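I am opening a notebook on a structure that is new to me, and I want to keep what I look up in order. Each entry takes up one topic.

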Amino acid sequence: MTTAGTGHQQSAKNRPETLEKRQAILEAATEVFGQKGYKNGSLAEIAQRVGLTRAGVLHHFGSKENLLLESVKIRDTSDLEEKGRASMPSGREQFDHLIDTAFRNAKRRGIVQTFVVMSSEAITEDHPTHGYYEERYQNLRLEIATNFRELCKEEGIEDTSTVDNAAASILAVMDGLQYQWLLEPECLDLGEATAFAINAIVDSVLRPTS
């Protein structure tokens, strides 16, 4: 009996109308958390935006923390999914992908604001997404640094002492420019500024001066 009940619940969870409702909740949550942060963004407001009660939202996600985590994950994977990828490309294409992301972000202020707000709040250790963002940056730094080392090997560059700093700097540049752009969008071109910085960092590793 238990097995049959579990199967029924699983099939109900995967119904098109259920998946559609979950997606609508995630989109509303992303907007609310991006505008007001985690503490001030209420489940009641999210529920109102999708025509549900607070209990209805909790039925789909269990808790406010789970809803926040799912919203953050969707934000991080949406670009790759649109391009049919599970991870970033390798080689020089990886840096082109990061630059392309910046140009795309320049056309979607709301998504950028959501990322900046959520990642900034995650600095505190008691925040629900602290562990997620900590792991996220660890993985991204490793992925970019590993790619740098492979490119250095291909191009016969023996000195890879700057690789780890270069990987961290690329992420810092992308996040820092987004913050400046949100404050004063008319003062810089997000895509062009990101391309300039990333290309300069890449050149410093792959075209080192004597």
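At what angle do helix 9 and helix 10 pack, and how far apart are their axes? I looked this up in what is a predicted model, and found that helix 9 and helix 10 pack at an angle of about 170°, with 10 Å between their axes. Since angles over 145 degrees count as roughly antiparallel, that value makes helix 9 roughly antiparallel to helix 10.

I then listed the residues that meet between these two helices. From helix 9 come Val 163, Ala 166, Ser 169, Ile 170, Val 173, Met 174, Leu 177, Gln 178 and Trp 181, and from helix 10 come Leu 190, Ala 193, Thr 194, Ala 197, Ile 198, Ile 201 and Val 205. Sorted by class, the contact of helix 9 with helix 10 holds 13 nonpolar and three polar residues, with no charged residue among them.

**Entry on the whole chain**

I stepped back to the protein as a whole, which has ten helices and zero strands, so that I could place the later entries. Buried residues make up 40% of its 210 residues, and the C-alpha atoms fill a box of roughly 70 × 45 × 30 Å along the principal axes. Of the contacts with a separation of 6 or more, 64% are between residues 24 or more positions apart.

I also checked the confidence of the prediction, and noted a mean pLDDT of 89, with 92% of the residues at 70 or more. Over residues 1-6, however, the pLDDT is below 50, and this stretch has zero contacts in the model beyond near neighbours in sequence. Where pLDDT is low, the predicted coordinates should not be read in detail.

**Entry on helix 8 and helix 10**

I returned to helix 10, residues 190-206, to see how helix 8, residues 130-154, lies against it, and found an angle of about 45° with the axes 10 Å apart. That angle makes helix 8 oblique to helix 10, and the crossing of helix 8 and helix 10 is right-handed. The contact is made by Phe 148, Leu 151 and Cys 152 of helix 8 together with Val 202, Val 205 and Leu 206 of helix 10. By class, this contact of helix 8 with helix 10 has six nonpolar residues and no polar or charged ones.

**Entry on helix 5 and helix 6**

What does the contact between helix 5 and helix 6 contain, by class? I first noted that helix 5, residues 64-82, and helix 6, residues 92-105, pack at an angle of about 110° with their axes 12 Å apart, which makes helix 5 roughly perpendicular to helix 6. Arg 75, Asp 79, Leu 80 and Glu 82 of helix 5 make the contact with His 97, Thr 101, Arg 104 and Asn 105 of helix 6. By class, the contact of helix 5 with helix 6 has one nonpolar, three polar and four charged residues.

**Entry on single residues**

Is Asp 76 buried or exposed? Asp 76 has its place in helix 5, and with a relative accessible area of 19% it is buried, because the cut-off for buried is under 20%. Leaving aside neighbours within four places in sequence, I found Asp 76 in contact with Phe 115, Tyr 132 and Arg 136. The C-alpha atoms of Asp 76 and Glu 93, 17 residues apart along the chain, are separated by 19 Å.

I looked next at Glu 45 in helix 3, residues 43-49, which counts as buried at 16% relative accessibility. Beyond its neighbours within four places in sequence, Glu 45 is in contact with Val 32 and Lys 36.

Met 118 has its place in helix 7, residues 109-121, and counts as buried at 4% relative accessibility. Its contacts, again without neighbours within four places in sequence, include Thr 30, Phe 33, Leu 68, Val 72 and Tyr 133. Between Met 118 and Pro 185, 67 residues apart along the chain, the C-alpha atoms are separated by 20 Å.

My last residue was Leu 171, found in helix 9, residues 163-183, which counts as buried at 10% relative accessibility. With the neighbours within four places in sequence left aside, Leu 171 is in contact with Tyr 137, Leu 140, Arg 141 and Ile 144.

Key:
Residues are numbered from 1 along each chain as its sequence is written. This is a predicted model: local features need pLDDT of at least 70, side-chain atom pairs count only at pLDDT 80 or more; totals for chains, interfaces and linings use all residues. Side-chain values use heavy atoms; hydrogens and water are left out. Axes are lines fitted to C-alpha atoms, for helices over the stretch in contact, and angles run from 0 to 180 degrees between N-to-C directions. Helices (H or I, at least four residues) and strands (E, at least two) are DSSP runs, numbered from the N terminus. Angles under 35 degrees count as roughly parallel, over 145 as roughly antiparallel, 65 to 115 as roughly perpendicular and the rest as oblique. A crossing is left-handed if the near helix is turned anticlockwise from the far one by less than a right angle, and right-handed if clockwise. Contact means heavy atoms within 4.5 Å. Ala, Val, Leu, Ile, Met, Phe, Trp, Tyr, Cys and Pro count as nonpolar, Asp, Glu, Lys and Arg as charged, and the others, Gly among them, as polar. Buried means under 20% relative accessible area, exposed over 50%, partly exposed in between (1.4 Å probe, protein chains only). pLDDT is the predictor's confidence in each residue, from 0 to 100.
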